[in-house]
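Subject: Structure handover, with notes on side-chain contacts

Dear colleague,

I am passing on the structure we spoke about, and below it you will find my notes on its charged and aromatic side-chain contacts. Please read them with the coordinates open beside you.

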Amino acid sequence: MDGRRSMQNTLLWVAAVVLINALWLNVANQSAPNEINSPNQFQTYREVEISSVFGSSSAIPAELNTVFESTSVDDANVSFSIKKNNLSTVFSWSGSLNEAVPVWSGELAPGTYTVETVVEEGVNVQQRLDLKPFAAIQTVGHAVLTLLLVALAWGEQGVRALYARRPRTEAATSTVEKTPFKAKKFAPEDDSSTWDETDSPWRDPVR
């Protein structure tokens, strides 16, 4: 019976480890969209600050989607680039309005980046930078969550074992013997010890 219960507990903890890691994988793959440019709000230079996640210096997976369109011109020159600290170029592309615009995907280390977008008059731009911040610490997160669950499982087993070793003190129960009859107490004047068998029930009247 104890062996079956131990096996059930082990299976439950294994299932918990798989479940928590599956949930963390789903969270790590979630994207945080950042709008760079839109038809109503356009700027040639957009600054983006990439912050570290929990103090980690790991690069964050990113993807930049750019769409150029126009209802007033048939063709125009367009271009965009990503620069870090306005010094090093991470990615750059230039072409015409009728060309297919590439989707840039890569990793951005924590720091300050500038998205430079150049278009001619009459061209609208839609740009969005998708970041996966938790993907930078995905492996570390899996390891930490697994270790925490394993430590919790061992801790629970230790507590159970410690509780099982505790001496069971049985409360002493005192049984009171009950008698079916209880001696009747006599009043002092009716005390049976004062009765004398030689006394006659007939006594002289009190004068």
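Two salt bridges are counted here, and please keep in mind that the model is a predicted one. In one of them the side chains of Lys 83 and Glu 116 meet, with a distance of 3.5 Å from N to O. Lys 83 belongs to strand β4 (residues 77–84) and Glu 116 to strand β7 (residues 111–119), so this salt bridge ties together parts of the chain that are 33 residues apart in sequence. As for the surroundings of the two partners, Lys 83 is partly exposed, its relative accessible area being 26%, while Glu 116 has a relative accessible area of 19% and is buried; since buried means under 20%, the value for Glu 116 falls within that class.

The other salt bridge joins Asp 130 to Arg 128, and its closest N and O atoms are 2.9 Å apart. Here the acidic partner, Asp 130, counts as buried at 12% relative accessibility, whereas Arg 128, with a relative accessible area of 38%, is partly exposed.

Turning to the aromatic side chains, the structure holds five aromatic pairs. Among them is the pair of Phe 68 and Trp 93, whose ring centres lie 6.5 Å apart and whose planes stand at 20°, so that the pair is classed as stacked. This pair links distant parts of the chain, given that Phe 68 is in strand β3 (residues 60–69) and Trp 93 in strand β5 (residues 88–96), 25 residues apart. Both partners are buried: Phe 68 has a relative accessible area of 9%, and Trp 93 has a relative accessibility of 14%.

Another of the pairs is formed by Phe 80 and Phe 91, with ring centres 5.8 Å apart and planes at 45°, so this one is tilted. Because Phe 80 lies in strand β4 and Phe 91 in strand β5, the pair ties together parts that are eleven residues apart in sequence. Phe 80 is buried, with a relative accessible area of 1%.

Finally, these two pairs can be viewed together, as Phe 68, Phe 80, Phe 91 and Trp 93 form one aromatic cluster. If you look at strand β4 in the viewer, you will find there both Lys 83, from the salt bridge to Glu 116, and Phe 80, from the tilted pair with Phe 91.

With best wishes

Note on methods: Residues are numbered from 1 along each chain as its sequence is written. This is a predicted model: local features need pLDDT of at least 70, side-chain atom pairs count only at pLDDT 80 or more; totals for chains, interfaces and linings use all residues. Side-chain values use heavy atoms; hydrogens and water are left out. A salt bridge is a side-chain nitrogen of Lys or Arg within 4 Å of a carboxyl oxygen of Asp or Glu. Helices (H or I, at least four residues) and strands (E, at least two) are DSSP runs, numbered from the N terminus. Buried means under 20% relative accessible area, exposed over 50%, partly exposed in between (1.4 Å probe, protein chains only). Rings of Phe, Tyr and Trp (its six-membered ring) pair if their centres lie within 6.5 Å; planes under 30 degrees apart count as stacked, over 60 as edge-to-face and the rest as tilted.
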